[in-house]
Amino acid sequence: MSQYFALFGNPVAHSKSPLMHNAAFTALDYDGCYTRYLLLEGEKLREMFFALGLKGANITVPHKEAAFNACDVLDPFAQKIGVVNTIVEKEGKLYGYNTDAPGFLKAISEFKEIKTVLFLGAGGTAQSTSVILKEAGYEVTLLNRSSQRLEKYKEAGFETFTFETFTPKAYDLVINMTSAGLEDDAYPAPLALLEALIPQAKACVDVIYGKETPFLKLVKSYDKPCKDGSDMLLYQGIIAFEYFTQQAYKFDEIKNAMQKAFDIN
Ligand code: NDP
């Protein structure tokens with residue numbers, strides 16, 4: 001019997017998830033179909049999931065907290081961070097997971113001898129990734145434009161700064177976790193701060209994918225090892241696919257299939 005999957009979010013038109021998952025279904029001979037659904041109201045997520053007869057779903061901005069609330073059973077990490085981006089239906093119950101954070105952790109694992117990490121930004125993506133990095137033994141510091149979003153990080157024991165309170169020092173890995181550069185030509189922090197941070201870093205990462213942001217361009221001008229957000233996107237998708245198919249396939253076989261879809265398109 002065919003199994004149906006969808007991405008819920010607003011917007012969803014730009015997403016590569018249908019392409020990635022359908023490519024993997026085809027390559028692995030799995031009888032599945034993945035589509036996208038523009039969801040305006042997060043509270044309707046559970047109702048729509050069942051109305052569409054889905055086996056699983058991914059959830060993107062702005063409904064990841066609503067997805068958390070829609071689940072019957074939460075994986076311990078999703079429970080801890082309060083954010084769900086993957087749902088699987090089993091015997092009428094919705095199981096919730098977060099694959100953004102482990103996907104990100106895997107994406108940065110190629111950079112060796114990294115201990116201290118500076119996040120530029122403190123939004124939703126920083127929320128899950130900061131916790132998994134801390135659990136994996138990294139020392140995470142957050143630098144954000146405004147102070148409001150930093151409060152909960154401070155309460156969770158992270159070192160936090162705004163541009164005004166920050167003095168640059170050496171961090172092994174500097175990561176753009178903001179949306180600066182996504183639809184504009186903004187840097188995620190004042191240029192003078194970046195020019196003090198990047199030369200001292202061992203590597204830099206931008207979570208934005210599909211374009212070279214001003215941040216990444218600047219990093220490249222210093223010849224630093226770096227990457228954009230493509231691997232994070234790919235790896236969160238592979239881990240979601242593992243949940244969708246109940247671990248029926250190896251990580252690398254899913255990776256090969258999804259990677260090919262990226263390369264072609
Ligand atoms: P949020 O809206 O939750 O947070 C945005 C953050 O960016 C805030 O910290 C905000 O600071 C900061 N910010 C926005 N514009 C600027 C600017 N011009 N200068 C400085 N800081 C700025 O966003 P998300 O956490 O959901 O997403 C962040 C990025 O992560 C996006 O670009 C998104 O595309 C990317 N992403 C990538 C994924 C992948 O798979 N590669 C997965 C998920 C997200 P302030 O608090 O001051 O407003």
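Select helix α5 (residues 100-108) and helix α6 (residues 124-135): they pack at an angle of about 60°, and their axes are 8 Å apart. That angle makes α5 oblique to α6. Two packed helices are described by the angle between their axes and the distance between the axes.

Some terms are needed before going on. This is a predicted model, in which local features need pLDDT of at least 70 and side-chain atom pairs count only at pLDDT 80 or more, while totals for chains, interfaces and linings use all residues. Residues are numbered from 1 along each chain as its sequence is written, and side-chain values use heavy atoms, with hydrogens and water left out. Helices (H or I, at least four residues) and strands (E, at least two) are DSSP runs, numbered from the N terminus. Axes are lines fitted to C-alpha atoms, for helices over the stretch in contact, and angles run from 0 to 180 degrees between N-to-C directions. Angles under 35 degrees count as roughly parallel, over 145 as roughly antiparallel, 65 to 115 as roughly perpendicular and the rest as oblique.

Stay on the first pair. The crossing of α5 and α6 is right-handed (the near helix is turned clockwise from the far one by less than a right angle; anticlockwise would be left-handed). Now show the side chains in contact, meaning heavy atoms within 4.5 Å. From α5 these are D100, A101, P102, F104, L105 and I108, and from α6 they are S128, T129, I132 and L133.

Next, keep α5 and add helix α10 (residues 230-244). The axes of α5 and α10 come within 8 Å and cross at roughly 130°. These two helices are therefore oblique to each other, and the crossing is right-handed. On the α5 side, select D100, P102, G103, F104, K106 and A107; they meet D231, M232, Y235, Q236 and I239 of α10.

α10 also leads to a sheet: the helix lies across β1, β2, β3, β5 and β6, running at about 5° to β5. Select the 6 strands of this open sheet, in the order β2-β1-β3-β5-β6-β4, with mixed pairing (two strands pair if DSSP finds at least two bridges between them). Its edge strands, β2 (32-38) and β4 (73-74), each pair on one side only. Inside the sheet, β5 (residues 86-90) and β6 (residues 93-97) pair in the antiparallel sense over 5 bridges. K90 has K93 in β6 as its bridge partner. Then add helix α1 (residues 17-27), which lies across β1 (3-9), β2 and β3 (56-59) and runs at about 170° to β2.

Which strands make up the open sheet with parallel pairing? Select β9-β8-β7-β10-β11-β12, given here in sheet order. The edges are β9 (159-162) and β12 (226-227). Strand β8 (residues 139-144) runs parallel to β9 and is joined to that strand by 4 bridges; find N144 opposite T162 in β9.

Move to D72 and R46, a salt bridge whose closest N and O atoms are 3.2 Å apart (a side-chain nitrogen of Lys or Arg within 4 Å of a carboxyl oxygen of Asp or Glu). D72 is in the loop between α3 (64-70) and β4 and R46 is in helix α2 (residues 45-51), so the pair ties together parts 26 residues apart in sequence.

Finish with backbone details. Most residues other than glycine have a negative phi, and most peptide bonds are trans. The bond from N10 to P11 is cis, with omega near 10°, and V61 and P62 are also joined by a cis peptide bond, with omega about 0°. P11 sits in the loop between β1 and α1, P62 in the loop between β3 and α3. E113, although not a glycine, has a positive phi of about 55°.
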